[in-house]
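Reader: I am new to this structure and should like to be guided through it by questions. May we begin once the sequence and the model are in view?

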Amino acid sequence: MAQQVTGVPGSPGATTTIDGKQLPPPDPKFGGVIKEKATESKPWWAPRVVPPKGAPNVLLIMTDDQGFGAPSTFGGVIPTPSMDRIAKTGLRFTNFHSTSLCSPTRAALITGRNHHSVGYGVVGEIATGFPGYDSIIPIEKGTVGTVLKANGYATSWFGKDHNTPSYQSSQAGPFEQWPNGMGFDYFYGFVGGDASQWQPNLFRNTTAIYPFEGNPKWNLETAMADDAIQHMKQLKEIAPDKPFFVYYVPGATHAPHHPTPEWIKKVSDMHLFDEGWNKVRETIFANQKRLGIMPENAKLTPWPKELPQWDSLSFEEKKLFIKQADVYGAYLAYADHEIGRVIQAVEDLGELDNTLIIYIGGDNGASAEGMVNGTPNEFTTFNGVAVPVKDQFLWYPFWGSERTFPHYAAPWAWAMDTPFKWVKQVPSHFGGTAQGVVMSWPGHINDSGGIRSQFHHVIDIVPTILEATGIQQPEMINGIKQTPIEGTSMAYTWDKANGNAATRHTTQYFEMLGNRAIYHDGWVAATTPATLPWELSTTTPPDVITGYDWELYNVNEDPTQFNDLAGKMPDKLKQLQDLFYAEAAKYNVLPLDNSSLARWNTPRPSLTAGRTVFTYSGELTGVPASAAPSILNKSYTITADVDIPEGGAEGMIVTEGGRFGGYGLFLSKGDFGIGRGKVVFLYNLLDLKRTTWEGPELEAGKHTIVFDFKADGPGLGKGGTGVLSVDGKVVAKNSLEHTTPITFPEDETFDVGQDTRTGVAMVEYRYESPFKFTGKINKLTFKLEPFAPEQEAAAADRTVGKPQK
């Protein structure tokens with residue numbers, strides 16, 4: 001595209017487009033005149049860089065863990081009028097695919113490259129030291145934020161950031177892989193896979209903020225929409241001609257399912273799920289055929305034998321599972337409502353006709369990570385613990401509130417992925433990868449309400465945006481030669497005349513956790529999942545190459561992957577298998593690894609690697625687990641040297657985690673001043689059991705508090721004995737049958753001198769955050785005693801297949 005210049009070159013108001021080959025562009029040569037005297041010289045200003053004329057604003061929206069069949073826009077029973085609105089004015093894409101997991105899809109989405117190409121073969125929390133799996137987006141694969149920003153766009157990111165490596169997420173940085181370092185001028189959201197919507201680990205740019213403190217009705221879904229609306233309003237009032245790129249990615253509907261009470265009541269009163277998952281699935285499929293989402297010849301895939309039929313359940317089970325689904329449905333409806341407020345704000349600014357809106361329904365299939373019966377606390381799943389139905393009723397009245405971190409039962413996920421087989425984590429079948437997408441741009445997408453069935457993938461969004469904006473992929477960013485974008489623009493589908501055009505994305509591999517598939521010219525070869533995604537454990541998986549059967553589908557004729565042709569067409573299957581391995585070698589997919597939970601504690605280049613002694617003083621808050629001393633699966637000693645003022649003290653000395661799992665060493669608050677200042681160590685096992693050690697009230701002066709824990713041996717979740725001492729005297733001794741094996745809550749942090757977000761105590765010793773320590777912490781020391789590698793290996797052999805209960 002030819003350079004476009006406005007205004008008088010060299011004047012303060014002049015603008016120019018750039019060829020975009022090198023970003024940032026080189027400074028232009030000074031075009032004025034310099035003599036000895038300013039009065040005899042001519043000033044000259046470099047023109048301001050702007051996008052090509054007619055380049056639209058871009059509003060890129062993606063929800064989380066939604067499931068293809070969940071929203072009304074794609075046949076679901078949950079009302080999503082905001083998504084419906086974009087579909088009616090634009091297009092619905094019914095054959096669009098993700099990677100099957102959160103951060104891999106997001107890395108592919110913002111780079112236009114396959115997820116292994118940009119270091120995200122798996123979610124960042126289980127990154128390993130291979131190029132396709134290290135959770136580092138390479139500098140030679142710049143993001144769409146970087147490209148648009150350098151071409152004159154205002155860029156912003158709202159919501160979930162699951163692309164900052166966990167081992168780079170502390171206040172010490174580095175910040176190159178935070179949104180602000182990936183081309184986004186402004187970030188308002190949380191870092192990690194999930195977060196409470198009531199008390200999230202929330203950041204504005206790289207600074208932690210706590211707007212929910214003292215504000216019990218605050219919810220991130222609404223707060224995020226408010227912030228985005230204000231941000232866009234501010235941009236258009238200050239720089240009305242500067243287009244924006246808003247990347248809007250709420251935490252909904254990933255667990256925890258946290259809608260407001262009003263939305264829970266609204267959806268519960270609709271009785272959408274009362275007939276159970278099997279009936280809901282049939283209803284969704286009928287809707288999909290009626291809407292043209294599925295062709296008439298499509299078949300509903302069978303219900304899996306591994307999941308219970310609704311009619312086999314007891315009254316209590318049905319009651320609990322309906323509650324779980326009502327809260328999930330409320331969460332999706334609530335999120336869509338807040339997205340609608342953002343879309344309406346674009347219209348109120350007069351920018352709707354000049355805005356490309358892309359709304360992606362989920363970053364993978366619906367999640368089965370609540371296990372078969374669901375859970376009031378998602379971190380029970382990640383630690384391999386199933387919560388019985390009868391125990392879940394303890395949380396039933398509060399489901400969805402800040403007292404829960406809930407996830408629904410796995411069969412609901414299978415239903416939300418109607419008409420396909422499988423769920424999140426499974427890339428081999430469309431239940432894990434199919435995402436409903438709507439797209440509108442008035443005057444450019446000219447088939448209002450149209451449906452497009454061409455095969456596309458999340459890597460196609462960046463080239464679509466670049467084509468719409470008239471901006472080319474750069475050859476260089478910050479002096480680094482860029483690799484080609486691997487996706488295909490979807491803009492060819494926008495014209496009504498091209499509604500049935502052949503897809504231009506003809507080949508696409510899929511791989512996650514050892515499951516794999518290849519799409520090529522309307523055919524899919526796929527492995528049969530060898531492990532169940534709702535049974536996360538340390539069980540040894542089968543051999544990643546020889547332990548899998550393969551299936552074969554003609555998805556042009558069989559869009560739901562109903563009819564497996566592998567037995568009838570072995571030559572075709574072999575051809576596609578060979579193609580998969582060729583693509584795998586090309587895009588950093590190798591080496592294949594089908595372990596899951598076992599990868600969580602893989603050693604990574606964190607700030608804590610190799611350290612066994614950690615020392616602190618005063619206050620320190622908001623430190624993520626990757627930068628904190630980990631007490632998991634080892635013996636340890638915590639020593640606190642404190643000063644207590646006259647009149648005594650209270651408050652948190654040190655904590656990691658919160659309501660849904662963790663520990664805290666603190667001086668008690670007491671009731672009405674009675675019992676205040678007692679030394680307490682509390683261990684919270686996943687909100688299922690709390691164990692305490694209690695010491696005396698501390699008088700004014702210097703004191704030394706020691707908590708010494710000796711683990712029963714190496715291995716995940718082993719118990720042990722803890723001894724609490726004050727000033728050299730043992731004051732309490734207690735044992736834990738089990739400890740947390742894998743992770744404390746991801747959205748909580750390590751805090752010294754206070755407790756941010758939620759407290760570890762519930763009834764006994766309850767306190768309100770931030771529960772600041774009113775004495776002085778002179779020195780706080782953690783001494784960790786990891787087991788030797790050979791002990792760990794032996795223990796792993798003994799504990800494989802036995803997740804702690």
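Reader: What distance does helix 7 reach from its first C-alpha to its last?

Author: This is a predicted model, in which local features need pLDDT of at least 70 and side-chain atom pairs count only at pLDDT 80 or more, while totals for chains, interfaces and linings use all residues. Residues are numbered from 1 along each chain as its sequence is written, and side-chain values use heavy atoms, with hydrogens and water left out. Helix 7, one of the DSSP runs numbered from the N terminus (helices are H or I with at least four residues, strands E with at least two), covers residues 315-348 and has 34 residues. The expected span, 1.5 Å times one less than the number of residues, is 50 Å here, and the helix comes close to it with 49 Å.

Reader: How many residues of helix 7 are buried?

Author: Buried means under 20% relative accessible area, exposed over 50%, and partly exposed in between (1.4 Å probe, protein chains only). By that criterion helix 7 is mostly covered, and the buried residues number 24 of its 34.

Reader: Which residues does Glu306 touch, leaving aside those up to four places away in sequence?

Author: Glu306 lies in the loop between helix 6 (276-291) and helix 7, and is partly exposed, with a relative accessible area of 36%. Its side chain also joins that of Lys305 in a polar contact of 3.3 Å; such a contact is a pair of N or O atoms within 3.5 Å, where within protein one must be able to donate a hydrogen and the other to accept it, and residues adjacent in sequence count only if both atoms are side-chain atoms. With contact taken as heavy atoms within 4.5 Å, the residues that Glu306 touches are Leu532 and Trp534.

Reader: Is Gln482 buried or exposed?

Author: Gln482 lies in the loop between strand 17 (480-481) and strand 18 (507-512). Its side chain reaches the backbone nitrogen of Gly142 at 2.7 Å, and a polar atom of that side chain lies 3.0 Å from the backbone oxygen of Ile139. Among the residues touched by Gln482 are Arg113, Glu140 and Gln473. With a relative accessible area of 9%, Gln482 is buried.

Reader: Why is strand 26 described as largely enclosed by the rest of the structure?

Author: Strand 26 covers residues 661-667. Gly661, Tyr663, Leu665 and Leu667 point one way, whereas Gly662, Gly664 and Phe666 point the other way, and all are buried. The strand is largely enclosed because the buried residues number seven of the seven.

Reader: In strand 27, which residue is the bridge partner of Gly664?

Author: Two strands pair if DSSP finds at least two bridges between them. Strand 25 (residues 651-658) runs antiparallel to strand 26, with seven bridges, and a hairpin through two residues joins them. Strand 26 also pairs with strand 27 (residues 678-685) in the antiparallel sense, over six bridges. In strand 27, the partner of Gly664 is Leu682.

Reader: How far apart do the C-alpha centres of domain 1 and domain 3 lie?

Author: The bounds, which come from an automatic or database domain assignment, give domain 1 (1-50), domain 2 (57-579) and domain 3 (613-791). Between domain 1 and domain 3, the C-alpha centres are separated by 60 Å.
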